[in-house]
Amino acid sequence: MKYFFLTAGWTIGRVWEFGGLWDHASSWRRPPQIERLNIGILEGEQVLWLYKVEEAVIMVEVAPKSAEIADTVPTIGQVVLKRLISAEQVLEILQNAEAMLRK
């Protein structure tokens, strides 16, 4: 498994695998497995939720869900590509962050 943190209020867009964009229709015949876990961290005033993705995914595109969020976060074209991290990297981040559980 691979992981990434995503700011609350942001959504997942396109997904890349080794061969390029994830193709629901032909090569995979299914959407990628992406799951939000019930743990997050506080970074400043923002909540970042931990997501896990299947091993075949190498990068995901994320964007703010609303214009209000887009105005507060500096991005190019309001889209960000998220590189994925390992379980060991997640543990290191969680050790150095203020963790929170979703109830």
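Two strands count as paired if DSSP finds at least two bridges between them. Keep that in mind for the exercises below, and remember that you're looking at a predicted model.

**Exercise 1. Get your bearings: how many helices and strands does the protein have, and in which pattern do they follow along the sequence?**

Step 1. Count the elements: there are two helices and eight strands.

Step 2. Now read along the sequence, and you get β-β-β-β-β-β-α-β-α-β.

Step 3. Add the overall numbers. The protein has 103 residues, and 32% of them count as buried. It exposes about 6,800 Å², with carbon and sulfur atoms supplying 53% of that.

Step 4. Check the contacts between residues at least 6 apart in sequence: 67% of them join residues at least 24 apart.

**Exercise 2. Work out the open sheet of four strands: in which order do they stand?**

Step 1. The order is β3-β2-β6-β7, and the pairing is antiparallel.

Step 2. Find the edges. These are β3 (20-21) and β7 (80-83), each of which pairs on one side only.

Step 3. Start from β3. Two bridges join it to β2, and one place to look is tryptophan 16, whose bridge partner in β3 is leucine 21. A hairpin through two residues joins β2 to β3.

Step 4. Move on to β2 (residues 10-17) and β6, which are joined by six bridges. Here tryptophan 10 has proline 64 in β6 as its bridge partner.

Step 5. Finish with β6 (residues 57-64) and β7, which pair over four bridges. Glutamate 61 stands opposite leucine 81 in β7. Hang on to glutamate 61, as you'll meet that residue again in Exercise 4.

**Exercise 3. Trace the pairings of β5: how many bridges join it to β1, and how many to β4?**

Step 1. Take β1 and β5: six bridges join them, and they run antiparallel. Tyrosine 3 has lysine 52 as its bridge partner in β5.

Step 2. Take β4 and β5: seven bridges this time, again antiparallel. Glutamate 35 also has lysine 52 as its bridge partner in β5.

Step 3. Put the two together: lysine 52 is the bridge partner of tyrosine 3 and of glutamate 35.

Step 4. Look at the turn. β4 and β5 form a hairpin with two residues between them, and glycine 44 in that turn has a positive phi of about 70°.

**Exercise 4. Find the salt bridges: how many are there in the whole structure, and which residues do they join?**

Step 1. A search of the whole structure finds three. As background, side chains of opposite charge can pair when their charged atoms come close.

Step 2. Arginine 14 pairs with glutamate 61, and their closest N and O atoms are 2.8 Å apart. Arginine 14 sits in strand β2 and glutamate 61 in strand β6, 47 residues apart.

Step 3. Buried or partly exposed? Glutamate 61 has 13% relative accessibility, so it counts as buried. Arginine 14, at 44%, counts as partly exposed.

Step 4. Glutamate 54 and arginine 30 meet at 2.8 Å, N to O. This pair is 24 residues apart and joins two loops: glutamate 54 lies between β5 and β6, arginine 30 between β3 and β4 (34-43). Glutamate 54 counts as buried because its relative accessibility is 9%, while arginine 30, at 27%, counts as partly exposed.

Step 5. Glutamate 35 and lysine 52 meet at 3.7 Å, N to O. One is in strand β4 and the other in strand β5, so the pair ties together parts 17 residues apart in sequence. Glutamate 35 is partly exposed at 41%, and lysine 52 is partly exposed at 24%.

**Exercise 5. Pick out the largest nonpolar core: how many residues does it have, and which elements give two or more of them?**

Step 1. Count twelve residues: Phe4, Leu6, Trp10, Val15, Trp22, Trp49, Tyr51, Val53, Val57, Val60, Val62 and Leu84.

Step 2. Sort them by element. Those that give two or more are β1 (2-7), β2, β5 (46-53) and β6.

Step 3. Notice that there's also a second, separate core of eight residues, including Tyr3, Leu48, Leu50 and Ile85.

Step 4. Zoom in on leucine 84. Leaving aside residues up to four places away in sequence, leucine 84 touches Lys2, Tyr3, Phe4, Val53, Val57, Ile58 and Met59.

Note on methods:
Residues are numbered from 1 along each chain as its sequence is written. This is a predicted model: local features need pLDDT of at least 70, side-chain atom pairs count only at pLDDT 80 or more; totals for chains, interfaces and linings use all residues. Side-chain values use heavy atoms; hydrogens and water are left out. A nonpolar core is a set of buried Ala, Val, Leu, Ile, Met, Phe, Trp, Tyr and Cys residues joined through side-chain atoms within 4.5 Å. Buried means under 20% relative accessible area, exposed over 50%, partly exposed in between (1.4 Å probe, protein chains only). Contact means heavy atoms within 4.5 Å. Accessible areas come from the Shrake-Rupley method with a 1.4 Å probe; for residues, only the protein chains shown count as cover. A salt bridge is a side-chain nitrogen of Lys or Arg within 4 Å of a carboxyl oxygen of Asp or Glu.
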